[in-house]
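User: I'd like a close look at one small part of this protein, with the surroundings explained as you go. Could you walk me through the polar contacts made by one buried side chain, then work outwards from there?

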Amino acid sequence: MNDGHHAPRDLPVRERAFRTSSGRHRRPVPAQLPPEAPALVLASPGPAGDAPAAIKTIVSVDHPQLDVRLIHLGEHKTSLGDTLKDCAAERPPGSAAAIVVPLVTGPHPHAYRAIREAVADSGADVAIADPLGPHPLLAEALHVKLAESGLARADRMRLFNIATPVDGIIVGTVGGQEAVRAADATVVLLAARLTLPVVAASLDASPGVGDAAQRLRNIGASRLALAPFLIGPEIDPGRISAAAESVGAGCADPLGAHSAVAQLVALSYGSALTGVDPE
């Protein structure tokens, strides 16, 4: 939690599941890629939904040089392995087949377990990217979603909406305690943007939304809002709204196909590309 009186802490060091290149920053996708460049496979937890398909479309339009594919782990758990085999078959022997970018904002043990198993079964040369967060772009996207729902004042570039409809924010994650801890950097960034206390909570484990609401009320916040730190298909939407209702909080929409998500997908691919194909 950050109540506006503490200096933001440093973002955690990111660890990758493949060989890393020098430097800490993600790299953009090169404008030109050889035909044998690895495919970008978007791995979405949960069933098919509008957000993953829209993200795929945005990335494909913005980066036509990429071979972009989308699979849904929740509905077709075996399709990822088949997709990876297809990617490998379409590339020269010894070439990296694909870079899998999970459509998650933080740690998601079930999704990563399914991805690792599919990669192992496929026998293909595949890199697995980290979650898309934490990143300042996602904190900005959460702010936008709250403002669109009337739960936060507009950004500082538009000073017309100066009212503060809530005085405490709960950032809802999926993935248990590890995801709650990983969301701490985003909590700090969002609190700095809104100058409000912000607390992370789990929508599928403990500490839950009720725990976060009590922490906020203990410091005097009574008008609460839930900001789902999710792309969308990670959890049943009904559970999100029920969690908000259980603590009397307003609820913003998940991130969905926000431009920040598509941008971070491309950045994750570009960064991974330097690892599977060192310069």
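Analyst: In this predicted model, the side chain of Ser122 comes to 2.8 Å from the backbone oxygen of Val119. The Ser122 side chain also gets to 3.2 Å from the backbone nitrogen of Ala124. Ser122 belongs to helix α3, and its relative accessible area is 13%, so it is buried; the cut-off for that word is under 20%.

Who else does Ser122 meet? Leaving out residues up to four places away in sequence, Ser122 touches Gly81, Leu84 and Lys85. Those numbers lead to helix α2, which spans residues 79-89. Buried residues in α2 are Ser79, Leu80, Gly81, Thr83, Leu84 and Cys87. The cover over them includes helix α3 (109-122), along with the strands β1 (39-44), β2 (68-72), β3 (98-102) and β4 (126-128).

Cys87 deserves a word of its own if you think about thiols at the bench. Cys87 has a relative accessible area of 0%, so it is buried. Cys251, by contrast, is partly exposed because its relative accessibility is 29%. The structure holds 0 disulfides.

Now step back to the cores. The largest nonpolar core has 51 residues, and the members touching the most others are Leu40, Leu146, Ile169, Val265 and Tyr269. Helix α9 (residues 259-276) is its top contributor, giving 10 residues. Leu84, the α2 residue touched by Ser122, sits elsewhere: apart from that core lies another one, of 20 residues, with Ala43, Leu73, Leu84 and Ile128 among them.

Back in the 51-residue core, Ile169 makes a good guide. Not counting residues up to four places away in sequence, its contacts are Leu146, Leu190, Leu194, Leu196, Pro197, Val198, Val199, Leu216, Ala225 and Ala227. Several of these fall in an open sheet, where 4 parallel strands run in the order β6-β5-β7-β8. The edges are β6 (198-202) and β8 (250-251), each with a partner on one side only. Helix α4 (residues 136-148) packs on this sheet, touching β5 (168-173) and β7, and its direction makes about 130 degrees with that of β7. Helix α7 (residues 209-218) lies across β5, β6 and β7, at about 160 degrees to β6.

At the β8 side, β7 (residues 224-228) pairs with β8 in the parallel sense over 2 bridges. Ala225, one of the residues touched by Ile169, stands opposite Gly250 in β8.

One more spot brings us back towards α3: Pro107, in the loop between β3 and α3. Pro107 counts as buried because its relative accessibility is 15%. Its partners, again without residues up to four places away, are Pro131, Val174, Gly175, Glu178, Ala179 and Ala182. With Glu178 the sequence separation is 71 residues, yet the two C-alpha atoms are 6.5 Å apart.

That kind of long reach shows up across the whole chain. Among contacts in the protein with a separation of 6 or more, 78% join residues 24 or more positions apart. Overall, the protein has 9 helices and 8 strands, and 52% of its 279 residues count as buried.

How values were computed
Residues numbered from 1 in each chain as written. Predicted model: local features only at pLDDT ≥ 70, side-chain atom pairs only at ≥ 80, totals over all residues. Heavy atoms only, no water. Disulfide = S-S within 2.5 Å. Buried < 20%, exposed > 50% of the residue type's maximum accessible area, 1.4 Å probe, protein only. Contact = heavy atoms within 4.5 Å. Polar contact = N/O pair within 3.5 Å; in protein donor to acceptor, adjacent residues only side chain to side chain. Core = buried A, V, L, I, M, F, W, Y, C linked by side-chain atoms within 4.5 Å. Pairing = 2+ DSSP bridges. Axes fitted to C-alpha atoms, helices over the stretch in contact; angles between N-to-C directions.
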